[in-house]
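Q: I'm new to this structure and would like to go through how two of its chains meet. Could you take me through it?

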Amino acid sequence: MNEPILSIHGLTKRFLGLTAVDNVTFDVKRNEIFALIGPNGAGKTTLFNCVTGLFAPTLGRVVFDGSEITGTRPHRVAKLGIARTFQNIRLFDYMTVIENVLVGEHARMHAKLWDSVFKTPQERREEAHVRERARELLKFVGLEKHAESYARNLPYGQQRRLEIARALATDPKLLLLDEPAAGFTPQEKAELMQLVQRLREQGLTIFMIEHDMKIVMGVSERIVVLDHGEKIAEGTPEVVRRDQRVIEAYLGKSA
Amino acid sequence: MPRLLRRARGLTRNRDAIIYAILIAGVFIVPAIANFTQGTSSGVVLDQVANAGVFVLLAIGLNIVVGFAGLLDLGYAAFFAIGAYTYAMFGSGWLDVTALHHAVHIPFWILLFVGMGLAALSGAILGAPTLRLRGDYLAIVTLGFGEIVPRIFRIKIEWTGGINGITALDQPTLPVWFTGPWAGQDFGITRNQVFGLDPVPYYILIVILIAVSVVLASNLYRSRLGRAWMAIREDEVAAAAMGVNPVTIKLLAFSIGASFSGFAGVFFAAKLGGIDPTLFGFQNISIVILVMVVLGGMGNISGVIVGAIGVYFLQNVIIPQLPTWTTGAASSVGLSFLNNPNGDWAGLGDEVQRLNFIIFGLILVGTMLFRPQGLFPSQLRQAELQKGTSDQSVFDASTS
Amino acid sequence: MGGGFGPLLSFLATTRGGLDGHLVGALRKARSSVQSSLVTRVIGIALAAVVIIYLSPKVYALGPSYFLRIVAVGVALGAIYALIAIGYTMVYGIVELINFAHGDVFTLGAFISLPLLVTPFWHLTEETGGGWGIVLPLIAVFLIVMLITGLINVGIERVAYRPLRNAPRLAPLITAVGVSFFLEGVMYLWKGAVNLHYPDLLPSNRFVGGTFSAKDVIVIVAAVILVAGLAFFVNQTKLGKAMRATAQDRDAARLMGINIDRTISATFFIGAVLAAAGGITYGLYINSVNNGLGFPIGLVAFTAAVFGGIGNIPGAALGGLIIGLIRATNDGYVDPQWTDVVTFAILILVLTLRPTGLLGMRVPEK
């Protein structure tokens, strides 16, 4: 229960002159809800991108579920069991809602080229099976009614939920949520918090970046705070809330 | 009966179904009409239709690359040439006069798959190092490849016959063939039937090839692979984050597209009976196929088929016939003096013929301005255009 | 939440394009920088070594004056390729369109100049050719043709590309192909599909033991003047700066009050001006033009633009020069039949080993 599912050791990412993430070390424990917070430009999304293989870290290591994934390509990271959503929603606009979720199933499917070309019985069975699963996932996030509509025609809040459904379709062990509540109404935020709790109850580990302190303090068990790429605090919400450096980072030093 | 009626109404709502229905009907009606109107010279019509069929095959294949996976391939003629030369070299007496000194006569039916495989292989070899590139760079690499391949066929005279190409290719044979009144004979069965110069077997064969291709391409479209292609086309980063390997998936699209081209190339060479490198240029193949795909409606197989047939007949039947038609029209309305050359005026027929390029260019520009998404875009895209943009939905969410 | 969606909307609008591209670009850089610098250099050096070892005995055998002659021809042709390549690169840089009609705009320049050269007003004939008397009339012809061709290209942009600026990406590509057919058709209608003699007006005196001709020098000087003028325009004038800004980030440029339509028009105008000058120069140098010339020459010039780094103006000039030299070397020492194959093979190699071209995008990848 308490062993880490994700360990980040001395992670550093530099772009030309800019150090976006600076020697950051922390663990995310199995089946917890973990939050990464910090002011704008603190390097949170860069850290996510290093974990998911979008960027190769300049220095440091990322270990997931006992194996090293530093610099592993994104699709392999996804296959190993890390799924993510994006800060600026990145759905497949010209595909239907259910097709978006089905892309998430891609890595878990077995149909070979031959099966796809000739629609073999195995392929048909598998298609039926993943469609069934995709519908369940859509039901889980409350989008089953919109399965056949176009992803880009969904309202904003539903697009965010679809992104979560798509990520869940990859059958992850660890789910990275990048500002899942951005632009949400209070009611949508409450729903999101419930959703995250339910996912945790099903055995997932949640690692999220979030600006909304109500959500962060409300659902997460542990928090890491980044500022200017450096880790300035780590601990339970109560500890982090009282941390002097965190208060300074958010309110400015002279305050 | 009402159920049937309702289904019929459902069908009429489905544009693609209508297109397919018309195409299937056309397959049977065209030979009948040709036979009725042209009599013994009906072969000319079927010959044209069979040639158009080659372009339909090419367009279906390129649509996989461009329409499904969103990769711009400007060198599609190269794979077509590879298929055609595969047949020309290994399905004729040609190799006897090369350094090999031994003719190779592999049957058409085997070479169909060999040509397909070789084209797919060269697609993979070209694609492997270059598919990591940004979209437009890939287009440029394929453009370069498309320019290189026919030039090499032209230069390596000792193996390919150079500019004169290779002629007297083997004619495909079938172990069993049925004859009947359509061939001016009694009903019967022939053994080891040689296709010969009769366009009918080629017509039947290309129809079968197209039908099979349509089914296979649609299967691909509605599969794990097809979704991965679309996902890559829509957002490569997000697709990779969902476990789709962009390089493999693109390579598959590229190779499968190339294999269609190689396949069509073998058929093309066999039907023509002789080929040369000028048949596989950028302006007469690569760009024309792309025009067919984009004009027809990228991503939508039925639209692409209509685009291919339309552009083929525009280029090969309608525009070349314009001089005859206009001179005929001028004579019938009493302006026949226009038909005769007079000073700088070369005569109406010749003048109209000179307009061919202009007419084709204007049709391309006009169609794109009129329908930038193609004549028959995929149903979804059309729905999208009717529904409005995503900005509105963002607005809805924020105000609700 | 009141009024909250306004900033949200603009946030979405800017980040969707900007961030995505940033991610992809950074991803590619992170992955390729380590491998490419080493592998590319090794392969590049190895290839160069093979070529030098292969060529040096031939160069030695044929003597120094032949070598200088090849260099002169290579630089002169390269200068013409550079003039065309700049148009490709500028248009690509600003609207991301591979302008297939650009080669035909080049031919159009040569075609328009043909009747102008023989007007009785200055009566340029091959008999009067060679003296200083041709200088002013030639400059006048250059300016008139450049202006006309530039305006035609602005018209083409307005009719065939501008309405499709927000259309699917392939739509303007197809209209460019259509415009290419159209222009070739117009020139066919005008002069037929035959090789036309282009007046041989430039002096053909030779220097340095017959290696350099005055023609080579004039072509090179003309190209240098034009490119220098362009460089001044792009770097020093307000419109030139607007162009660079628009190429980098169209949305930001619009927010800064730059008139995007006017800037894009100007880009097409300048591209055509240089292509038209290239067309006349080509005519004066080779003394033969035909209506289908634009396509093959355009492809080579486009290769030059990619070679130098598409979107990069000095890169296009340098790329043109290098491609000209490579082609002349291949023509002179290897086998002219293979020159096009070599050119396009270089195109593929460059893109595979160093996709940003020799000088890279001056504009960082968006």
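A: Gladly; a contact here means heavy atoms within 4.5 Å, and please keep in mind that this is a predicted model.

Q: OK, how many residues does each of chain C and chain B give to the contact?
A: On that basis 52 residues come from chain C and 50 residues from chain B.

Q: And how much area do they bury between them?
A: Chain C and chain B together bury about 4800 Å², with 79% of that on carbon and sulfur atoms.

Q: Which residues form a salt bridge there?
A: The rule finds 1 salt bridge across this interface, and it joins B:R151 to C:D340, whose closest N and O atoms lie 3.2 Å apart. There are also 2 residue pairs in polar contact across the interface of chain C and chain B, both at pLDDT 80 or more.

Q: Which elements of chain C give two or more residues to the side that touches chain B?
A: Those are α1 (5-62), α4 (135-161), α5 (170-191), α10 (294-308) and α12 (339-353) of chain C, and α5(C) supplies the largest share, 15 residues. By class, that side of chain C has 40 nonpolar, 5 polar and 7 charged residues.

Q: Switching topic, where in chain C does pLDDT stay under 50?
A: The mean pLDDT of chain C is 82, and 84% of its residues reach 70 or more, but over residues 1-35 of chain C the pLDDT stays under 50. Residues 362-366 of chain C are also below 50. Where pLDDT is low, the predicted coordinates should not be read in detail.

Q: What ipTM and pTM does the model score?
A: The model scores ipTM 0.92 and pTM 0.86.

Key:
Residues are numbered from 1 along each chain as its sequence is written. Chains are lettered from A and ligands numbered from 1 in the order in which they are written. This is a predicted model: local features need pLDDT of at least 70, side-chain atom pairs count only at pLDDT 80 or more; totals for chains, interfaces and linings use all residues. Side-chain values use heavy atoms; hydrogens and water are left out. Buried area is the accessible area (1.4 Å probe) that two parts lose on being put together, summed over both. A salt bridge is a side-chain nitrogen of Lys or Arg within 4 Å of a carboxyl oxygen of Asp or Glu. A polar contact is a pair of N or O atoms within 3.5 Å; within protein, one must be able to donate a hydrogen and the other to accept it, and residues adjacent in sequence count only if both atoms are side-chain atoms. Helices (H or I, at least four residues) and strands (E, at least two) are DSSP runs, numbered from the N terminus. Ala, Val, Leu, Ile, Met, Phe, Trp, Tyr, Cys and Pro count as nonpolar, Asp, Glu, Lys and Arg as charged, and the others, Gly among them, as polar. pLDDT is the predictor's confidence in each residue, from 0 to 100.
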